[in-house]
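User: I'd like a close look at one part of this model, please. Could you start from a single residue and work outwards through what surrounds it?

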Amino acid sequence: MTAQNDAAQNHAGPNDVAPNDAAQDRTAQGAFPARISIVTLGVTDLDRSARFYEALGWKRSAASSPEIVWFRTADSALGLFPTEELAADAGVPATGEPSFRGVTLAVNLESPALVDAALRTAVEAGAVVVKPPVPTDWGGYSGYFEDPDGHLWELAHNPFFPFTEDGSLDLP
């Protein structure tokens, strides 16, 4: 993603650091780190989508540009990039109207009440409820909404996945 890469390179954040020797050694050995650094969503209207995520309370990063909008999350980044340009960057055809892509994004929360509150915030921002939150057969509480471009988001409380002090998921 040329614009995405340019924006990222030109706007290094205060938490960005050069890779250490151990990280370079792992990369040289062909290791694939178990992390997701960035999720980029293809959007049809960049300004509308940016307003939606801002209405959720997310803060737009200073690394944003007229071509791509960035949001910092607890342990990764969310990018919004025009769908046609994202498809071109990946070398694939843009498929037109979105449909289920076999992917969902999820925000885990500390309680069912927080799931309900987050869903109300999403709906007020313009989300469409796909599945209202309900108790799950695995002992949690979960529901889904679509953002303005049809990307599916799950809001869930999983009592078996606690959080660290910084709000990151502490997956056993």
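In which strand is the place of Ser142, and is this residue buried or exposed? Please follow the neighbours from there.

Analyst: Happy to! Ser142 belongs to strand β6; strands here are DSSP runs of E with at least two residues, helices are runs of H or I with at least four, and both are numbered from the N terminus. Since this is a predicted model, local features need pLDDT of at least 70 and side-chain atom pairs count only at pLDDT 80 or more, while totals for chains, interfaces and linings use all residues. Residues are numbered from 1 along each chain as its sequence is written, and side-chain values use heavy atoms, with hydrogens and water left out.

Ser142 is buried, at a relative accessible area of 3%. Buried means under 20%, exposed means over 50%, and partly exposed is in between, using a 1.4 Å probe and protein chains only. The side chain of Ser142 makes a polar contact of 2.5 Å with that of Glu154. Such a contact is a pair of N or O atoms within 3.5 Å; within protein, one must be able to donate a hydrogen and the other to accept it, and residues adjacent in sequence count only if both atoms are side-chain atoms. Leaving aside residues up to four places away in sequence, Ser142 touches Pro132, Pro133, Val134, Thr136, Glu154, Leu155 and Ala156, where contact means heavy atoms within 4.5 Å.

Glu154 leads us into β7. Six of the six residues of that strand are buried, with Leu152, Glu154 and Ala156 on one side and Trp153, Leu155 and His157 on the other. β6 and β7 run antiparallel and are joined by six bridges; two strands pair if DSSP finds at least two bridges between them. Within this pairing, Tyr141 stands opposite His157. The two strands form a hairpin with five residues between them, and Gly150 in the turn has a positive phi of about 85°. β7 also pairs with strand β4 (residues 105–108), this time in parallel and through four bridges, with Ala106 opposite Glu154.

The loop between β6 and β7 then takes us to helix α3. Asp149 and Arg48 form a salt bridge between their side chains, 3.3 Å from N to O; the rule asks for a side-chain nitrogen of Lys or Arg within 4 Å of a carboxyl oxygen of Asp or Glu. Arg48 lies in α3 and Asp149 in that loop, so the pair ties together parts 101 residues apart in sequence. Asp149 is buried at 5% relative accessible area, whereas Arg48 is partly exposed at 29%. The count of salt bridges comes to two, and the other joins Arg60 and Glu54 at 2.9 Å, N to O. Arg60 is partly exposed at 39% relative accessible area, as is Glu54 at 32%.

Now for α3 itself. At its N-terminal end, Asp45 acts as a cap, with a side-chain oxygen 3.2 Å from the backbone nitrogen of Asp47. Buried in this helix are Leu46, Ser49, Ala50, Phe52 and Tyr53. These cover an arc of only 155° around the axis, which puts them on the same side of α3; the arc is taken from the directions from the helix axis to the C-beta atoms. On the other side, Asp47 and Arg51 are exposed. The buried residues pack against β1, β2, β3, α5, β6 and β7. Just after the helix, Gly57 has a positive phi of about 100°.

Helix and hairpin come together in the largest nonpolar core, which has 21 residues; Leu41, Tyr53, Leu78, Leu80, Phe145 and Trp153 have the most contacts inside it. A nonpolar core is a set of buried Ala, Val, Leu, Ile, Met, Phe, Trp, Tyr and Cys residues joined through side-chain atoms within 4.5 Å. The elements giving two or more residues to the largest core are β1 (38–43), α3 (46–55), β2 (69–72), β3 (77–82), α5 (112–125), β6 (141–146) and β7 (152–157). Apart from this core lies another, of six residues, among them Ala63, Ile68, Ala77 and Leu86. Back in α3, Tyr53 touches Leu41, Trp58, Phe71, Leu78, Leu80, Asp147 and Trp153, again not counting residues up to four places away in sequence.
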